[in-house]
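Please look through the sequence and the model shown here, and follow the description from one pair of residues outward to the sheet and then to a few side chains.

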Amino acid sequence: MQPTSLLIGSDAPETRALAAALGAAWCGAPQDPSALEGWRAQQCAGPAQARVVVAWPVADASGELSEMHADAWLARAEDPIARWVFALGAAAARCANGGAIVAVVDRPAPLDCAGFAPEAAVADAACALVRSLARSEGARGVRVNAVATSARLAPSRPVDPAPALASFPGTYEREVAGAVRLLLADDASGVTGQVL
């Protein structure tokens, strides 16, 4: 398997750890939504890469949906969706013909979603974007998949009964990196538009 060439994402410690675990060059994306268009144009002009990973861990936040104000919804749902749109667009522009893109999406586990409604909406939107991108980029042989993980969002006591794996929910640099490697591998050349 070819090494990951590029990881696009936030400056979160998990993103940096994932880049290091994959041996990928890290490329930071802006937090400010107004800077995304200029950043994407700059990224699109960069050299083509065989493997591109996009990872954007959610900010630490939770709160009751019935008490959420519009500015909180924008910050926790609308702005992150915009970042995913621009980051995946940059990834598609940078990915070489026949390459692979994997998005790492923080997705709250269904029974642990209380207080994470915006994050659940962002995860669903990112996974839908991955499927759409797989369709549009498939014509040039680019595979696009996602790893949806609750590694950062699982509560300290997971739902009962606890999952069978002792490492649940895992870490970005170990279990999540392994799932990304699986989808980037040449052995996965027939897999696209999927969420693992």
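In this predicted model, Ile8 has Val54 of strand 3 as its bridge partner. That pair leads to the two strands concerned, since strand 1 covers residues 6-9 and strand 3 covers residues 49-55, and the two run parallel, joined by four bridges.

Strands 1 and 3 belong to an open sheet of five strands, whose order is 2-1-3-4-5 and whose pairing is parallel. At the edges of the sheet lie strand 2 (25-28) and strand 5 (143-149), each of which pairs on one side only. Averaged over the sheet, and with direction ignored, neighbouring strands are turned by 20 degrees against each other.

Strand 4, which spans residues 95-106, includes Asp106. Is Asp106 buried or exposed? Its relative accessibility is 3%, and because buried means under 20%, Asp106 counts as buried. The side chain of Asp106 is also joined to the side chain of Tyr172 by a polar contact of 2.3 Å.

A further side-chain arrangement involves an aromatic ring and a charge: the charged end of Arg16 sits over the ring of Trp26, at 3.6 Å from the centre of that ring. As for rings that pair with one another, how many aromatic pairs does the model contain? With ring centres required to lie within 6.5 Å, the count of aromatic pairs comes to zero.

Conventions
Residues numbered from 1 in each chain as written. Predicted model: local features only at pLDDT ≥ 70, side-chain atom pairs only at ≥ 80, totals over all residues. Heavy atoms only, no water. Buried < 20%, exposed > 50% of the residue type's maximum accessible area, 1.4 Å probe, protein only. Polar contact = N/O pair within 3.5 Å; in protein donor to acceptor, adjacent residues only side chain to side chain. Pairing = 2+ DSSP bridges. Axes fitted to C-alpha atoms, helices over the stretch in contact; angles between N-to-C directions. Phe/Tyr/Trp six-rings, centres within 6.5 Å; stacked < 30°, edge-to-face > 60°. Lys NZ or Arg CZ within 6 Å of the ring centre and 35° of its normal.
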